[in-house]
Structures are given as C-alpha cells and as structure tokens.
Amino acid sequence: MALPHAQPGVPVEVQPHGVLLGSQKTCALFKSEALEVIRLVLMAGKRLPAHQTPGEMTIQCLEGRLIVSVGDKRQTLSAGQLLFLPARTMHEVEAELDSSALLTIALHGH
C-alpha cells in the first residue's frame, strides 16, 4: 500500500528513523506542480546512479553519511547538513553509512 502524500497545512514527520532505518523505503512525501519532496533511504554501499533534475534541488542528510559526486568533486554530507545543486546538475549519491535524507526538487527548469 502506497503512503499517502502530505496534505497542505498538515505536518509530516521527518525525524531520523534510527534503529528502524533498515526496514524503511524511499518514498515521495508530496508532489505539486512546482515542488517534490522525497524521503530517500539508502543503505551503506548503495548508490543512486548519475542523473539530473530539470530544476534546482537540495539534499538534506537526516542520518548517516552520504557522498554526493558532481563530476570529479565529491562532497560528504553528514546528518544535519544540506547541499544545494543547480538545475540540470549531473550528480550521483552514495551511502557511506545507512542513511536517510530529504530531497527537495523544484520541478520547473530555468
């Protein structure tokens, strides 16, 4: 059963999963015409292959540690850190540790 998307004006829980992290899955929290927010769950050693989004995006690490690669530059994101990527930036995300993050994507290009 799919999780319902967030409704306008209704809070959504985005605290770290902690010990339950291994049993969680990536899911879209909401999507509108202009914005999408996804709760990414990525276990250590797993990766999202190189891809790009048409609009700007942020990756906010909630727990664990992620490596975000843009070209030959690698940024480490630890819990509590946020990374901004401009529209159409080719990037790859790899979990160094079991991790979850909030991905916020602007769905309009520039």
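Is R47 buried, partly exposed or exposed? Keep that residue in mind as you open the model, which is a predicted one. R47 turns out to be partly exposed, with a relative accessible area of 43%. We will come back to its partner after a walk through the strands.

**Stop 1: the five-stranded sheet**

Select β1, β2, β9, β4 and β7. In that order, these five strands form an open sheet with antiparallel pairing. Now look at the two ends of the row: β1 (27–31) and β7 (82–85) are the edge strands, and each has a single partner, so one side of each is left without a neighbour in the sheet. From one strand to the next, the twist averages 15°.

Next, keep only β4 and β9 on screen. Strand β4 covers residues 57–63 and β9 covers residues 99–106; the two run antiparallel and are joined by six bridges. One position to label here is I59, which stands opposite L103 in β9.

**Stop 2: I59 and the nonpolar cores**

Stay on I59 and show what surrounds it. Leaving aside residues up to four places away in sequence, I59 touches L66, V68, L77, Q81, L82, L83, L85, V93, A101, L102 and L103. I59 also belongs to the largest nonpolar core, a set of 16 residues; I59, L66, V68, L77 and V93 are those with the most contacts inside it. If you colour by element, the ones giving two or more residues to this core are β2 (35–42), β4, β5, β7, β8 (91–95) and β9. A second, separate core has five residues, including C27, L29, L62 and L102. As background, nonpolar side chains in soluble globular proteins tend to be buried together.

**Stop 3: strand β8**

Now select residues 91–95, the strand β8. What covers its two faces, and which residues lie on each? On one side are H91, V93 and A95, on the other E92 and E94; all are buried, and both faces of the strand are covered. Five of the five residues of β8 are buried, so the strand is largely enclosed by the rest of the structure.

Add β8's pairing partners to the view:

- Strand β3 (residues 47–51) runs antiparallel to β8 and is joined to it by three bridges. Within this pairing, L48 has V93 as its bridge partner.
- Strand β5 also pairs with β8 in the antiparallel sense, over four bridges. Here S69 stands opposite E92.

**Stop 4: I67 in β5**

Move along to β5, residues 65–70, and pick out I67. This residue is buried, with a relative accessible area of 5%. Draw a distance from its C-alpha atom to that of V93: the two are separated by 5.7 Å, although they are 26 residues apart along the chain. With residues up to four places away in sequence not counted, I67 touches R74, Q75, T76, E92, V93, E94 and E96.

**Stop 5: the salt bridges**

Finally, switch to charged side chains. A search of the whole structure finds four salt bridges, and three of the pairs are worth a stop.

Begin with E63 and R39, whose side chains meet at 3.7 Å, N to O. E63 lies in strand β4 and R39 in strand β2, so the pair ties together parts that are 24 residues apart in sequence. Both partners are buried: E63 has a relative accessible area of 10%, and R39 has one of 5%.

Then select E94 and R47, the residue from the opening question. Their side chains meet in a salt bridge of 2.9 Å, N to O. This pair links distant parts of the chain, with E94 in strand β8 and R47 in strand β3, 47 residues apart.

Last comes R65 with E96, a salt bridge of 2.2 Å, N to O. R65 is in strand β5 and E96 in the loop between β8 and β9, 31 residues apart, another link between distant parts of the chain. R65 is partly exposed at a relative accessible area of 28%, and E96 is partly exposed at 38%. To close the tour, show R47, E92 and E94 together: salt bridges that share partners join them into one network.

Note on methods: Residues are numbered from 1 along each chain as its sequence is written. This is a predicted model: local features need pLDDT of at least 70, side-chain atom pairs count only at pLDDT 80 or more; totals for chains, interfaces and linings use all residues. Side-chain values use heavy atoms; hydrogens and water are left out. Two strands pair if DSSP finds at least two bridges between them. Axes are lines fitted to C-alpha atoms, for helices over the stretch in contact, and angles run from 0 to 180 degrees between N-to-C directions. Buried means under 20% relative accessible area, exposed over 50%, partly exposed in between (1.4 Å probe, protein chains only). Contact means heavy atoms within 4.5 Å. A nonpolar core is a set of buried Ala, Val, Leu, Ile, Met, Phe, Trp, Tyr and Cys residues joined through side-chain atoms within 4.5 Å.
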